[in-house]
Amino acid sequence: MPLFPPASSGGISNGAAFPVGPATNDLFYRSDRDIIYFYDGTRWLSATEYSVAIANQRLLPPYVAAFVDLEIVNPGFGEYDIYVTRFQLTANVSTTTAGNYYVCQMRTALGAVQTNIGSTLSTQNIALNSWVALNNAPNVVVPSTEALINVSATETGTCSAVLLCSFKFRYVG
């Protein structure tokens with residue numbers, strides 16, 4: 001017996017291959033993957049949005065023009081492409097001036113060619129000693145062949161900060 005009632009009974013269509021000619025917002029249960037997907041008008045994406053913490057990094061002086069790489073294995077590596085919906089940098093800067101801040105960039109491919117995911121996030125204009133969440137919405141596909149996802153934090157001048165990086169994604173069907 002199928003996990004979900006058939007679509008003809010108000011349930012979700014299911015099977016081991018996506019249907020042909022879907023309409024935007026159609027739901028489909030991939031029984032071979034045990035994942036519910038929706039069609040966004042372009043691609044099938046998992047109905048669940050997953051969240052991954054990349055790393056927590058405490059950066060204290062005396063760094064000058066510091067460069068820190070925070071890395072995580074691509075959660076879809078070797079199996080499924082992922083669709084990155086949000087990159088978030090939660091930061092607390094305890095020492096800064098107009099010329100002292102961090103710029104963070106999410107990337108793939110740590111080899112010779114790196115591909116940026118979304119735009120950079122900067123701690124330049126955040127208030128001292130307060131937690132601030134900075135976000136962007138890259139809405140890009142990262143192929144399952146990319147083994148690592150990386151966030152580079154580049155310091156301009158000298159400052160002290162705690163950087164908490166995370167991203168949200170959906171699996172691509």
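This is a short walk through the fold, the core, the cysteines and a few loop residues of one protein chain.

Hi everyone, thanks for coming. One thing before we start: what you have in front of you is a predicted model.

Let's begin with the overall picture. The protein chain has 173 residues, and in it there are 13 strands and 0 helices. So if you read the elements from the N terminus, you meet β after β, right to the end. Of those 173 residues, 42% count as buried. The accessible surface comes to about 8,700 Å², and carbon and sulfur atoms account for 53% of that. There is also a number for how the chain folds back on itself. If you take contacts between residues at least 6 apart in sequence, 69% of them join residues at least 24 apart.

Now let's go to the N-terminal part and build up a sheet, strand by strand. As a reminder, strands of a sheet pair through backbone hydrogen bonds, either parallel or antiparallel. Strand β1 covers residues 13-15 and strand β2 covers residues 27-30, and these two pair in the parallel sense over 3 bridges. If you want a landmark, find Ser13: its bridge partner in β2 is Phe28.

Stay on Phe28, please, since this residue also has a bridge partner in β3, namely Tyr37. Strand β3 is residues 35-39, and its pairing with β2 is antiparallel, over 4 bridges. Together β2 and β3 make a hairpin, with 4 residues between them. Have a look at Asp34 in that turn, where phi is positive, at about 60 degrees.

Next comes β4. It pairs with β3 in the antiparallel sense over 3 bridges, and here the landmark is Phe38, which stands opposite Leu45 in β4.

Put those pieces together and you have an open sheet of 4 strands in the order β1-β2-β3-β4, with mixed pairing. Which strands stand at the edges? They are β1 and β4 (44-46); each has a single partner strand, so one side of each is left without a neighbour in the sheet. From one strand to the next, the twist averages 35 degrees.

On to the core. In soluble globular proteins, nonpolar side chains tend to be buried together. In this model, the largest nonpolar core has 34 residues. The ones with the most contacts inside it are Ile82, Leu89, Met106, Val151, Leu163 and Phe167. Several strands each supply at least two residues of this core, among them β3, β7 (82-95), β8 (101-108), β12 (148-156) and β13 (160-171).

Which residues does Phe167 touch? Leaving out residues up to four places away in sequence, the list includes Tyr50, Val52, Ile54, Ile72, Ile82, Val84, Phe87, Met106 and Ile149. There are other kinds of residue in that list too, including Ser51, Pro75 and Arg86.

Now, the cysteines. A disulfide is a covalent bond between the sulfur atoms of two cysteines. How many disulfides are counted here? The count is 0. Why is Cys104 not bonded to Cys165? The sulfur of Cys104 has its closest cysteine sulfur in Cys165, but that one is 5.1 Å away, too far for a bond. The cut-off used is 2.5 Å between the sulfur atoms. Both cysteines are out of sight, by the way: Cys104 is buried with a relative accessible area of 0%, and Cys165 is buried with 2%.

Last stop: two asparagines and a serine. Most residues other than glycine have a negative phi. Asn129, however, has a positive phi, near 55 degrees. This residue lies in the loop between β9 and β10 (131-136). Is Asn129 buried or exposed? Asn129 is exposed, since its relative accessible area of 54% lies over the 50% cut-off.

What sits beside it? Ser94 is 35 residues away along the chain, yet the two C-alpha atoms are separated by 5.0 Å. Ser94 lies in strand β7 and is partly exposed, at 32%. Apart from its neighbours within four places in sequence, Ser94 is in contact with Leu128, Asn129 and Ser160.

The other asparagine is Asn139, in the loop between β10 and β11 (140-142). Asn139 also has a positive phi, near 45 degrees, and is partly exposed, with a relative accessible area of 40%.

That's the tour. Happy to go back to any residue you'd like to look at again.

Key:
Residues are numbered from 1 along each chain as its sequence is written. This is a predicted model: local features need pLDDT of at least 70, side-chain atom pairs count only at pLDDT 80 or more; totals for chains, interfaces and linings use all residues. Side-chain values use heavy atoms; hydrogens and water are left out. Two strands pair if DSSP finds at least two bridges between them. Axes are lines fitted to C-alpha atoms, for helices over the stretch in contact, and angles run from 0 to 180 degrees between N-to-C directions. A nonpolar core is a set of buried Ala, Val, Leu, Ile, Met, Phe, Trp, Tyr and Cys residues joined through side-chain atoms within 4.5 Å. Buried means under 20% relative accessible area, exposed over 50%, partly exposed in between (1.4 Å probe, protein chains only). Contact means heavy atoms within 4.5 Å. Accessible areas come from the Shrake-Rupley method with a 1.4 Å probe; for residues, only the protein chains shown count as cover.
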